[in-house]
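Q: I should like to take a close look at a single part of this protein. Please explain it in connected prose suitable for a first-year student.

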Amino acid sequence: MALPEFKQKLLSDCVSADALKFGTFTLKSKRVSPYFVNAGLFHKARLVRSISTAYAQTLKAHGDSDPTFQWDVLFGPAYKGIPLAAVTADKLADLDDGKFGDKSYSFNRKEAKDHGEGGNIVGASLKGQKVVIIDDVITAGTAIREAIEIIKKEGGELVGIIVAFDRQEKTPTPTDDDGKPGPSAIGQLRKQYGIPVLAILTLDDVVEYLRGLGREDDLKQLDEYRAKYKASD
Ligand SMILES: O=P(O)(O)OC[C@H]1O[C@H](OP(=O)(O)OP(=O)(O)O)[C@H](O)[C@@H]1O
Ligand SMILES: O=C(O)c1cc(=O)[nH]c(=O)[nH]1
């Protein structure tokens with residue numbers, strides 16, 4: 001099935017910016033991957049615009065399809081979540097100021113500040129607020145679970161998660177290269193919290209994109225990786 005044009009464009013922009021790269025990469029979980037999404041390279045203004053538009057439209061579309069999905073604050077975990085939260089809030093207000101103009105964003109400091117205003121949260125307070133986490137990628141779910149703990153500690157209510165990329169792979173464990181599919185971190189989060197976990201792009205999209213370009217070598221590496229670490233959900 002051909003990819004929708006916006007996904008094709010986003011993928012080709014990410015590849016041109018090296019924000020989606022093929023090679024050999026060690027992940028935070030220590031798993032070795034033949035590709036890597038580096039949101040730190042989403043820095044060119046044009047790419048920032050297309051990424052923030054994609055996040056904003058994905059969030060808006062979910063709210064349009066499920067009116068019970070109500071939220072107050074976009075929370076971007078440090079570091080890479082921070083600019084994503086800010087630019088997506090801006091883009092949402094552009095899309096529909098009436099609906100999103102009073103939404104807020106906030107983020108955590110990785111180290112607590114003990115002078116001036118102090119504290120760990122910058123931006124909107126999370127207390128009593130319905131919070132959506134915005135981040136780049138979930139693999140093992142460690143970073144997201146840390147963010148969930150922060151939200152709980154600050155008195156917020158987690159109502160959703162949005163990421164740029166769903167790697168569609170099983171949660172890393174010490175014996176995870178047995179070739180048997182297992183639950184993904186995203187699937188486990190959906191089940192545990194009963195919340196939507198939205199993703200703009202998935203590994204399936206990347207495979208489709210590479211197929212369109214006839215990049216057989218990269219496809220072979222991705223197939224081997226998937227055979228080892230495929231998610232069951
Ligand atoms: O699901 P996980 O296995 O936790 O891995 C994915 C997370 O790891 C990376 O961030 P990192 O924690 O390195 O922080 P950074 O944003 O400061 O780069 C990445 O940006 C994801 O947020
Ligand atoms: O699992 C990770 O650490 C990870 C994967 C990925 O594709 N991009 C990233 O920034 N981190």
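Which residues does V131 touch, not counting residues up to four places away in sequence?

A: The model is a predicted one. In it, V131 touches W71, V73, F75, L126, I151, G156, E157, L158 and V159, when residues up to four places away in sequence are not counted.

These contacts may be placed in the context of the nonpolar core. The largest nonpolar core has 53 residues. V131 is among those with the most contacts inside this core, together with F75, A85, V132, I133 and I134. Strand β7, which covers residues 157-166, contributes the largest share of the core, namely seven residues. As a general background, nonpolar side chains in soluble globular proteins tend to be buried together.

The next topic is the sheet. Strand β6 spans residues 130-138, and six strands form an open sheet in the order β5-β4-β3-β6-β7-β8, with mixed pairing. The edge strands, each pairing on one side only, are β5 (119-123) and β8 (197-202). On average, and with direction ignored, neighbouring strands of this sheet are turned by 25° against each other. Strand β3, residues 73-75, pairs with β6 in the parallel sense over three bridges. One bridge partner can be named: L74 is matched with V132 in β6.

Strand β6 also takes part in the surroundings of both ligands. Around ligand 1 there are 15 residues, of which Y79, K80, A140, T142 and A143 come nearest. The elements giving two or more residues to this shell are β6 and helix α5 (142-153), and the largest share, four residues, comes from β6. By class, the shell around ligand 1 has seven nonpolar, four polar and four charged residues. Around ligand 2 lie L27, K28, S29, F36, V37, N38, D136, V137 and T139. Here β2 (32-37) and β6 each supply at least two residues. The classes in the shell around ligand 2 are four nonpolar, three polar and two charged residues.

One residue of the ligand 1 shell deserves a separate description. A143 lies in helix α5. A143 counts as buried because it has 20 C-beta neighbours inside 10 Å, and the cut-off for a buried residue is 20 or more. Not counting residues up to four places away in sequence, A143 touches P77 and D135. P77 and A143 are 66 residues apart along the chain, and their C-alpha atoms are separated by 8.0 Å.

Note on methods. Residues are numbered from 1 along each chain as its sequence is written. Chains are lettered from A and ligands numbered from 1 in the order in which they are written. This is a predicted model: local features need pLDDT of at least 70, side-chain atom pairs count only at pLDDT 80 or more; totals for chains, interfaces and linings use all residues. A nonpolar core is a set of buried Ala, Val, Leu, Ile, Met, Phe, Trp, Tyr and Cys residues joined through C-beta atoms within 7 Å. A residue is buried if 20 or more other C-beta atoms lie within 10 Å of its own, exposed if 12 or fewer, and partly exposed in between; C-beta atoms are placed from the backbone. Two residues are in contact if their C-beta atoms, placed from the backbone, lie within 7 Å. A residue is near a molecule or strand if its C-beta atom, placed from the backbone, lies within 6 Å of it. Ala, Val, Leu, Ile, Met, Phe, Trp, Tyr, Cys and Pro count as nonpolar, Asp, Glu, Lys and Arg as charged, and the others, Gly among them, as polar. Two strands pair if DSSP finds at least two bridges between them. Axes are lines fitted to C-alpha atoms, for helices over the stretch in contact, and angles run from 0 to 180 degrees between N-to-C directions.
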